[in-house]
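Today I'm hunting for empty space in a protein. I'll jot down what I look up as I go.

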Amino acid sequence: PAPIHPPPQPQFEAETVKWVANMMRGGDEGVCGALTSGGTESIVLAAKSHRDKFRTEYNITQPEIIACTTAHAAIDKACDLMGIKLIKVPMDPVTCMIDMNAVTRALSADTIMIYSSAPNFPNGIIDPIAEL
């Protein structure tokens with residue numbers, strides 16, 4: 001039987017990553033990426049990439065990720081799988097966006113990533129990504 005998700009073809013994947021990087025104005029040679037099967041896998045791989053980069057480049061051995069209480073459950077799974085401390089911050093009750101003051105307070109020398117969704121999982125609100 002044929003697999004539900006056939007393995008990506010390397011050339012197709014490379015061309016797609018390059019195309020998206022160019023769309024996002026990141027089309028230089030240092031941009032890399034991967035095609036995934038869905039949102040959960042994408043979130044897990046983003047957390048893993050951050051963990052590995054910050055361990056290798058900055059010797060962070062007790063990594064932390066900051067995420068809003070409205071974050072997709074996959075960030076909880078990713079942190080649990082990879083031994084990353086997940087720090088949940090509240091959303092602003094008026095805007096339903098991540099509380100920026102809480103993010104600032106939660107930052108530490110071990111912060112490797114601020115997780116946000118665009119749009120967020122329960123409300124469909126887009127957090128202020130540029131400010132984060």
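Below are my notes on pockets and cavities.

Entry 1, ground rules. The model is predicted, so I note that local features need pLDDT of at least 70, side-chain atom pairs count only at pLDDT 80 or more, and totals for chains, interfaces and linings use all residues. Residues are numbered from 1 along each chain as its sequence is written, and side-chain values use heavy atoms, with hydrogens and water left out.

Entry 2, terms. On a 1 Å grid over the protein atoms alone, a cavity is a set of points where a 1.4 Å probe fits but cannot get out; a pocket is an open set with protein on both sides within 12 Å along at least five of seven lines; lining residues have an atom within 4 Å of a point. Points join across faces, edges and corners, and a volume is the space filled by probe spheres set on them.

Entry 3, largest pocket. I find about 460 Å³ of space here. Its lining has 13 residues, and Val17, Val20, Cys32, Gly33 and Ala34 lie nearest the centre. I looked up helix α2 too (helices are DSSP runs of H or I, at least four residues, and strands of E, at least two, numbered from the N terminus). α2 gives the most to this lining, four residues.

Entry 4, second largest pocket. This one holds about 190 Å³. Ile43, Ala46 and His50 are among its lining residues, as are Met113 and Leu132. α2 and β3 (111-115) each supply at least two.

Entry 5, cavity. I count one of 30 Å³ or more. Cys68, Asn120 and Asp127 are among the residues lining it.
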